[in-house]
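Please look over the sequence and the structure shown here, keeping both at hand while reading. The explanation goes through them step by step.

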Amino acid sequence: MIDWLALVIGNTRWHWAWFQDDHLQHVWHHEHLVNSQTPTPDLSSILAAHAPSQIRLLPIESLNIWAVSVVPSQTRGVEHISTIRWLRHFPLEKVYPTMGLDRIVTLWGAGQHYSWPTLVIDGGTALTFTAGDAGTFVGGAILLGVRSHLAALHHYTAALPHLSPPPHLPTRWAQDTPSAIQGGVIHTILASIHEFIHSWISQYPDTSILFTGGDGEYLHRLYLAQYQIQQNQALVNRTWFDPNLMFWGISAYRKEETREL
Ligand SMILES: Nc1ncnc2c1ncn2[C@@H]1O[C@H](COP(=O)(O)OP(=O)(O)O)[C@@H](O)[C@H]1O
Ligand SMILES: CC(C)(COP(=O)(O)O)[C@@H](O)C(=O)NCCC(=O)O
Ligand SMILES: [K+]
C-alpha cells in the first residue's frame, strides 16, 4: 500500500485527501495560510496545524503529494516543498489556456469515476458549471458562489445585511429584507442550475450530473426540493452529490501516470 496525499487549493480553502493506493481514506479542509507567515511553513507544521491526528502519524516528509491550485499567492508559500508535484496538464481534451485546474480535475473525476457525458455543478467560492463528453471539455460557465453572492450584496450596498444561506428553501415573494435577499439569491441560483441542466440534457440526454464543492450538498438538496422530486425520477436517478470529485480526478490521473513508470 502506498500512502499519498491529494491537495486542491481553492479560493476559500485548502482541500486535502489521504489515499492508500486508489483508496480514499480521509478528507479534510482548512482556511488559507496567512501570506505574511515567515519563515514559510514546512509540511509538518501545516499538517500539524490542520490535519487530523491519524495523518500526522504517517511519514510526512516522504509522502508524495499530488496538487492542484487556482490561487498563486497560496501556491507560492509552499512551492519550496519538494514532495509536492504540481499538476498543470490533464488528459482532458480541448480545455482553454486559462481554465481553472480545479474545474479540469473535477470534471475529469466526474467523467472517469461516474460516466461521460457529465455536467459538474461546483458550489465553491465561485459557482461553476463544467461539462464534458468522452474525455473532452465541451463548455461551462462561472458565476458567484452562494456565500460570495450574499457577501457581495452586503459589500456593495449601504443597507443590506450580511446573511448566511438559509437552511431551507426560502419564500420567493418575501416581505422583509433578509428573506428578500435570501430568496432572491437562492431562487436565482436554483433557477440558473435548472436552466443549465436542461440545456445540457437536451444535447446529452444520457449525462451524469454531479454537484460538488462546499455548497454542493446544500444546492443539491434545495434543487431537488424545488424542481425534481415528484416530477422527473429519471433525472433524479442520475444526479448525485459527491464532494470528492476533485480527488477522484487526481487519483485517476495519478493511476495513469504511475502505470507508465
Ligand atoms: N467550513 C467552511 N468554511 C468555509 N466555507 C464553507 C465551509 N463549509 C461549507 N462552506 C461553503 O463552501 C463554499 C466554499 O466552497 P469550497 O468548495 O470550500 O471553496 P473553494 O474550493 O473555492 O475554496 C462557501 O460558499 C461556503 O458556503
Ligand atoms: C472559476 C474559479 C475561480 C473557481 O474557483 P473556486 O470557486 O473553485 O475556488 C477557478 O476555477 C478559476 O480561477 N478559473 C479560471 C478561469 C476559468 O476557469 O475559466
Ligand atoms: K471548487
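What follows describes the surroundings of the two ligands and then two points of backbone geometry.

The model is a predicted one, and every value given below is computed from its atoms and should be read with that in mind.

A convenient place to begin is ligand 1, which has 13 residues around it, and of these T12, R13, T125, R147 and D215 come nearest. T12 takes part through its backbone, a polar atom of which is 2.8 Å from an oxygen atom of ligand 1, and the backbone of G214 likewise places a polar atom 2.9 Å from an oxygen atom of this ligand. With D215 it is the side chain that is involved, since an N or O atom there is 2.6 Å from an oxygen atom of ligand 1. On its own, ligand 1 has 560 Å² of accessible area, of which the protein covers 76%.

The make-up of this shell can be described both by residue class and by domain. Sorted by class, the shell around ligand 1 holds 9 polar and 4 charged residues, with no nonpolar residue among them. Sorted by domain, it draws at least three residues from domain 1, spanning 4-86, and at least three from domain 2, spanning 101-243. The space that ligand 1 takes up is the largest pocket.

Turning to ligand 2, one finds 13 residues around it, with N11, Y96, G100, D102 and A126 coming nearest. The side chain of Y96 has an N or O atom 2.4 Å from an oxygen atom of ligand 2, while a polar side-chain atom of R103 lies 2.9 Å from an oxygen atom of the ligand. T125, named above among the residues that come nearest to ligand 1, also has a backbone N or O atom that lies 3.2 Å from an oxygen atom of ligand 2. Taken alone, ligand 2 exposes 460 Å², and the protein buries 79% of that area.

The shell around ligand 2 comprises 4 nonpolar, 7 polar and 2 charged residues. Two elements of secondary structure, helix 4 (101-113) and strand 7 (126-133), each supply at least two residues of this shell. The space taken by ligand 2 is, again, the largest pocket.

Two details of the backbone remain to be considered. Where is P117 placed, and what is the form of the peptide bond that leads to it from W116? P117 belongs to the loop between helix 4 and strand 6 (118-123), and the peptide bond from W116 to P117 is cis, with omega near -10°. The other detail concerns D21, a residue other than glycine whose phi is nevertheless positive, near 50°. D21 lies in the loop that runs between strand 2 (13-20) and strand 3 (23-31).

Note on methods. Residues are numbered from 1 along each chain as its sequence is written. Chains are lettered from A and ligands numbered from 1 in the order in which they are written. This is a predicted model: local features need pLDDT of at least 70, side-chain atom pairs count only at pLDDT 80 or more; totals for chains, interfaces and linings use all residues. Side-chain values use heavy atoms; hydrogens and water are left out. A residue is near a molecule or strand if one of its heavy atoms lies within 4 Å of it. A polar contact is a pair of N or O atoms within 3.5 Å; within protein, one must be able to donate a hydrogen and the other to accept it, and residues adjacent in sequence count only if both atoms are side-chain atoms. Accessible areas come from the Shrake-Rupley method with a 1.4 Å probe; for residues, only the protein chains shown count as cover. On a 1 Å grid over the protein atoms alone, a cavity is a set of points where a 1.4 Å probe fits but cannot get out, and a pocket is an open set with protein on both sides within 12 Å along at least five of seven lines; lining residues have an atom within 4 Å of a point. A molecule sits in a cavity or pocket if more than half of its atoms lie within 2 Å of its grid points. Helices (H or I, at least four residues) and strands (E, at least two) are DSSP runs, numbered from the N terminus. Ala, Val, Leu, Ile, Met, Phe, Trp, Tyr, Cys and Pro count as nonpolar, Asp, Glu, Lys and Arg as charged, and the others, Gly among them, as polar. Domain bounds come from an automatic or database domain assignment.
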